[in-house]
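I opened a new page for this one and went through the structure piece by piece. My notes are below, in the order I looked things up.

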There are 2 protein chains.
Amino acid sequence: MTCFVKLLLSSLVDLNAMSQNKRTNDPEGVRRRIIDAAYDAFVTQGYLATGMLELREKAAVSGGAMAHHFPAKRDLGLAVIRDRVADVVQQTWIEPLLTCEDTPAAIDLIFKDIIAELVLKDRVSGCPLNNIAMEISQHDAEMRALVSAVFGTWHKALSARFKADVEAKRARGLDPQKTATLVIAAYSGAMAMAKARQDVGPLNDCRTELAALLAVKYRRP
Amino acid sequence: MTCFVKLLLSSLVDLNAMSQNKRTNDPEGVRRRIIDAAYDAFVTQGYLATGMLELREKAAVSGGAMAHHFPAKRDLGLAVIRDRVADVVQQTWIEPLLTCEDTPAAIDLIFKDIIAELVLKDRVSGCPLNNIAMEISQHDAEMRALVSAVFGTWHKALSARFKADVEAKRARGLDPQKTATLVIAAYSGAMAMAKARQDVGPLNDCRTELAALLAVKYRRP
DNA sequence: TTCCAGACAGGTCGATCATCCTGTTTTCAC
DNA sequence: GTGAAAACAGGATGATCGACCTGTCTGGAA
């Protein structure tokens, strides 16, 4: 009896496998598809507002595949922060900062590029890091630690630049640590205001003010 | 039969009414209790992370009462922004700003008080306005408009002070609008960082930096 | 070739969510 | 006093959520 049922089931599955699509094993691809969809959804809609089913559809993966790569939603959240959010901060802030000689010019350029991108897509979805930080850092200690670490890298890169500039006499009268905090805070806060108002105005304002502030410190006496 | 049941039920209800609490009609009180519980939960946990049942228990109201005052969760969210969030911004920022003569001193005092309060309760739950703004302003146009309006009054109050100070020659060389934006953004962003790190450090940094920045503008030539 | 662990399919599960319903009590206008 | 409307009680309801299950398939090691 059991054997018969098994045979019947087997043949049915075989039929399905033939008529439908062929199965492809692509762990890295599937994982990347899921994380991509999750990053996009988490940033634009929020972590809690995004359902696992919705992500399955967006990434076009089955429930089994999803459960295999990310047993819980929390794991997906952690992976998104580790693999995507940290990268975005690296690429949009830290790398431009390291490549450009003039720190104030680099910061101004970063603001300019980000504003231009927001204007282009005509929608302010906010700073990815801040969006995640605001929503879920309170509920999960591990996520909070990750977010905190990303803020740390960001702050470290900025303050290192300021410190180097002070030591090389390119700038004077500024506290590297505190100035870095102000820059990050101003950017984050401006992005929050811009998101609420759906208008890049606050970002423009802060860009101008920060440029003026740094110009004073970097001016030759 | 029906009559008998009714009588039995009636006596039971009477018994309950006697032994338990008496029903009290207190629309304003119930409404206030709900909004208080909702404000507290929304700020500390988030809007989406807070369930209606949880709020019922916290506010000690029945489902009927809840549905009567707030047919949908959205209505409660709107009420919280209108009745509480706007008030908090008014009391913590705008009023101290209006009562104090010296604008930079007022801002510094505001920072100091907020930091002291956070240290006291040993937990950084973030700026109420920003918390709400980040989480739900994207999903609901009406909420976004409300949040945007609160940001507007905040910014207006600050820039008006700066403008008056410039006109009265107390300060010079500052753009009232943009400086106001920077102050709000720096505060909001610092609060976001502080929330993520669960440490008031970023707030202290921004407090110092803003004070230094304003000191330059308010210094007698 | 055999075998096993990872990769994947598709469906089910209980819990929880926000909402709504019926019925009762209080308040207030007339 | 009487009727209507507001205020409130205590559930019920369908939908949706995240988690997990059994079973099959694939690729590589032995």
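These entries go from the overall fold to the DNA, then to the pairing of the chains and a few single residues.

**Entry 1: what I'm looking at**

First a reminder to myself: this is a predicted model. I started with chain A and listed its secondary structure, which comes to ten helices and zero strands. Written out along the sequence, that gives me the pattern α-α-α-α-α-α-α-α-α-α.

I then checked burial over the chain. Of the 221 residues of chain A, 39% count as buried. I also looked at how far apart in sequence the contacting residues are. Among contacts in chain A with a separation of 6 or more, 65% join residues 24 or more positions apart.

**Entry 2: domains**

How is chain A divided by the domain assignment? I found domain 1 at 1–71 and domain 2 at 78–221. Next I looked at where the two touch: ten residues of domain 1 of chain A are in contact with ten residues of domain 2. I sorted the domain 1 side of that contact by class and got eight nonpolar, two polar and no charged residues.

**Entry 3: what the record says**

I went to UniProt for annotations. An unreviewed entry there lists "domain: HTH tetR-type" for residues 28–88 of chain A. In the model, I see that residues 28–88 of chain A are 79% helix and 0% strand, with the end C-alpha atoms 20 Å apart.

The unreviewed UniProt entry also has a "DNA-binding region", placed at residues 51–70 of chain A. That span is 75% helix and 0% strand, and I noted 13 Å between its end C-alpha atoms.

**Entry 4: around the DNA**

Next I turned to DNA strand C. Which residues come nearest to DNA strand C? There are 27 residues around the strand, and the nearest are A:Ser62, A:Gly63, A:Gly64, B:Gly51 and B:Ala72. So much for single residues; I wanted the elements too. From chain A, helix H2 (27–44) and helix H4 (63–69) each give two or more residues to the surface near DNA strand C. From chain B, helix H3 (52–59), helix H4 (63–69) and helix H5 (73–99) do likewise.

H4(A) has the largest share of that surface, with five residues. By class, I count eleven nonpolar, ten polar and six charged residues on the surface near DNA strand C.

**Entry 5: how the two chains meet**

I moved on to the contact between the protein chains. Here 40 residues of chain A are in contact with 40 residues of chain B. On the chain A side, helix H7 (128–136), helix H8 (141–167), helix H9 (176–197) and helix H10 (201–218) each supply at least two residues. H9(A) gives the largest share, 17 residues. The chain A side divides into 18 nonpolar, 15 polar and seven charged residues.

I also tried laying chain A on chain B. A turn of 180 degrees with a shift of 0.0 Å along the axis does it, at an RMSD of 0.1 Å. That is the relation of a two-fold axis. I then checked which residues each copy uses: 100% of the interface residues of chain A are also interface residues in chain B, so the copies meet through the same surface.

**Entry 6: one residue in H9**

I picked A:Met191, which sits in helix H9 of chain A. Is A:Met191 buried or exposed? I found 29 other C-beta atoms within 10 Å, so A:Met191 is buried. Beyond its neighbours within four places in sequence, A:Met191 is in contact with A:Gly126, A:Cys127, A:Asn130 and A:Leu203. For a longer reach, I checked A:Arg56, 135 residues apart from A:Met191 along the chain: their C-alpha atoms are separated by 30 Å.

**Entry 7: two positive phi values**

Last, I looked at backbone angles. A:Ala60 has phi near 55 degrees, a positive value in a residue other than glycine. I found A:Ala60 in the loop between helix H3 (52–59) and H4 of chain A. A:Ala60 counts as exposed because it has 11 C-beta neighbours inside 10 Å, and the cut-off for exposed is 12 or fewer.

In chain B, the phi of B:Lys169 is near 65 degrees, again positive in a residue other than glycine. B:Lys169 lies in the loop between helix H8 (141–167) and helix H9 (176–197) of chain B. With 8 C-beta neighbours inside 10 Å, B:Lys169 counts as exposed.

Methods: Residues numbered from 1 in each chain as written. Chains lettered and ligands numbered in written order. Predicted model: local features only at pLDDT ≥ 70, side-chain atom pairs only at ≥ 80, totals over all residues. Contact = placed C-beta atoms within 7 Å. Helix = DSSP H or I, 4+ residues; strand = E, 2+ residues; numbered from the N terminus. Nonpolar A, V, L, I, M, F, W, Y, C, P; charged D, E, K, R; others polar. Buried ≥ 20, exposed ≤ 12 C-beta atoms within 10 Å, placed from the backbone. UniProt positions renumbered as here; feature names shortened; annotations may be inferred. Least-squares fit on C-alpha atoms with pLDDT ≥ 70 in both. Domains from an automatic or database assignment. Near = placed C-beta within 6 Å.
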